[in-house]
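User: Please go through the terms applied to this model and justify each one from its computed value.

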Amino acid sequence: MNPQAATIQGIERIVLDVPFHPRCAEAMTVYGNGWSVIELCKVTTASGVVGVGETVQGYTWKHSTDAEFDRVRGKNLFDYLWDDALGAGLQMALFDAAGKLAGVPCHRLMGPQHRDEVPLSWWAQSMAPAAWAAEAQAAVEHGFTSMKVKARPWYDIAAQLEAVGKAVPPHFKLDADFNGLLLGVDVAAPLLARLEADNANLAILETPLPQDDVAGNALLRQKIKSPIAMHFGVPPVMTAIEKGVCDGFVIGGGARRVMDEGVLAAQAKMPFWLQMVGTGLTTIFSAHLGAVLVQARWPAINCINIYGHTLLNEFEVVGGHLEVPQAPGLGVEVDWDAVEQYRVEPDYKKAAPRQIHALSWPDGRTLYSPDGGYRGDFVVGKRTGFVPGMSLDIRLDDGGEDFAREYAEHFGGADA
């Protein structure tokens, strides 16, 4: 191949507002409103080969900006494939273009292929029991066999898991992510033991306690049956391995970081899931990494199900697995008609609607809040959560007089 063919000639940034799926649109508007804003990075080489990548504006390990574009423009793309400092969209686009130039799928640039298909999980935000059940049913209908859920102290977690259990077949599994909100072994051990006893589909517990609580996590692991997953790096990985604080990891970030961490996990014989959030492009890029990383055995979390469109012409999950593309580059076709449909101005900012949050305890107390700021009180133990019968009701501003009146009653003037 002529080295000039790999020269990066043009870089285009395309901003989209990809709508959330109606099924989960309200929850995503509350907890991840900016996740619908997708930045596509389109790289063109001197030979005319085009590579495409993406960044989720509200959730990514690093944005690709004009500074990164300027740094690689006019250079050989093979010199920058493993430079995580380029950001998600640009690095992904370079891998796509590199594979096309070399005539091989991206995973051939990453290492020996270990698996032909990768496990993939559905994903659900913090929701009421019936909404979790609806998500789980949709997951089954779309070929998924597992779902990761956000477990939060303002809901009755037992009721949530019971609702899901009634909605799915026995083989369907759940990963519950507490983000450290169980606080201590005193709360976590008895609650998790009850949940394990009552829910056969509960498979993995992610970060039940704060990850820097080494002694607490090691002790909790002895008291429960389910494997514990923790984000790689906190506590330092060698401490996590030596002290036995978890059974496996959550790994994400740039390609170099993911490969390094995945290889180390393999040396420790510890499984992990890849957590790389985005539409179809990110999901496919994650699949190429998962194809070569031996211990990427747990279902990946890509959150593709939150979007109303994958941005790809074809995408299918069968038996909880996604087939790894074998065509050059990412090996998929972008739906450019959809791209044009969702395209917005480069400086687009997505506004968040006003909200009324009502947290209710079973003893009759109710806390009203204009947003989710109350989470901080639960994080530091100022409020008690995970109480049977606890619930949260959220209303979004519908432009009506009733909402405006109630908002003013709880939080001040109508324009507050």
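**Reasons behind the terms**

Analyst: At 53% relative accessibility, D363 counts as exposed, because exposed means over 50%. The model is a predicted one.

User: What makes R365 partly exposed?

Analyst: R365 has a relative accessibility of 45%. Partly exposed lies between under 20% and over 50%, so R365 at 45% receives that term.

User: How do you know that D363 forms a salt bridge with R365?

Analyst: The closest N and O atoms of D363 and R365 are 2.9 Å apart. The cut-off is a side-chain nitrogen of Lys or Arg within 4 Å of a carboxyl oxygen of Asp or Glu, and therefore the pair qualifies.

User: Why is the contact of D377 with K382 called a salt bridge?

Analyst: The closest N and O atoms of D377 and K382 are 3.7 Å apart. The limit is within 4 Å, so this pair is also a salt bridge. K382 is exposed, with 64% relative accessibility.

User: What is known of the salt bridge between E261 and R257, and where do the two residues lie?

Analyst: Their side chains meet at 3.0 Å, N to O. Both residues belong to helix α10 (residues 255–267), and because they are 4 residues apart, about one helical turn separates them. In general, side chains of opposite charge can pair when their charged atoms come close.

User: Are E261 and R257 buried or exposed, or partly exposed?

Analyst: E261 has a relative accessible area of 11%; buried means under 20%, so E261 is buried. R257, with 40%, is partly exposed.

User: How many salt bridges does the whole structure hold, and which residues are linked in a network?

Analyst: A search of the whole structure finds 21 salt bridges. K148, K150, D177 and E206 are linked in a network of them.

User: What makes A98 buried, and where is A98 found?

Analyst: A98 is found in helix α3. Its relative accessibility is 0%, and the cut-off for buried is under 20%, so A98 counts as buried. Leaving aside neighbours within four places in sequence, A98 is in contact with L77, F78, L81 and L109.

User: Which residues touch the most other members of the largest nonpolar core, and which helix gives the most to this core?

Analyst: Of the 129 residues in that core, W35 and F249 touch the most other members. Helix α3 (residues 88–102) gives the most, with 8 residues. Beyond its neighbours within four places in sequence, F249 has contacts that include M230, F232, W273 and W298. As a general matter, in soluble globular proteins nonpolar side chains tend to be buried together.

User: Why are β14 and β15 called edge strands?

Analyst: The open sheet has 3 strands in the order β14-β13-β15, with antiparallel pairing. β14 (366–369) and β15 (391–396) each pair on one side only. The twist averages 15° from one strand to the next.

User: How do you know that β13 and β15 pair?

Analyst: Strand β13 (residues 355–360) is joined to β15 by 6 bridges. Pairing requires at least two bridges, so β13 and β15 are paired. L392 in β15 is the bridge partner of L359.

User: Which helix lies across β13, β14 and β15, and at about what angle to β13?

Analyst: Helix α14 (residues 401–411) lies across these strands, running at about 60° to β13.

Conventions. Residues numbered from 1 in each chain as written. Predicted model: local features only at pLDDT ≥ 70, side-chain atom pairs only at ≥ 80, totals over all residues. Heavy atoms only, no water. Axes fitted to C-alpha atoms, helices over the stretch in contact; angles between N-to-C directions. Contact = heavy atoms within 4.5 Å. Buried < 20%, exposed > 50% of the residue type's maximum accessible area, 1.4 Å probe, protein only. Core = buried A, V, L, I, M, F, W, Y, C linked by side-chain atoms within 4.5 Å.
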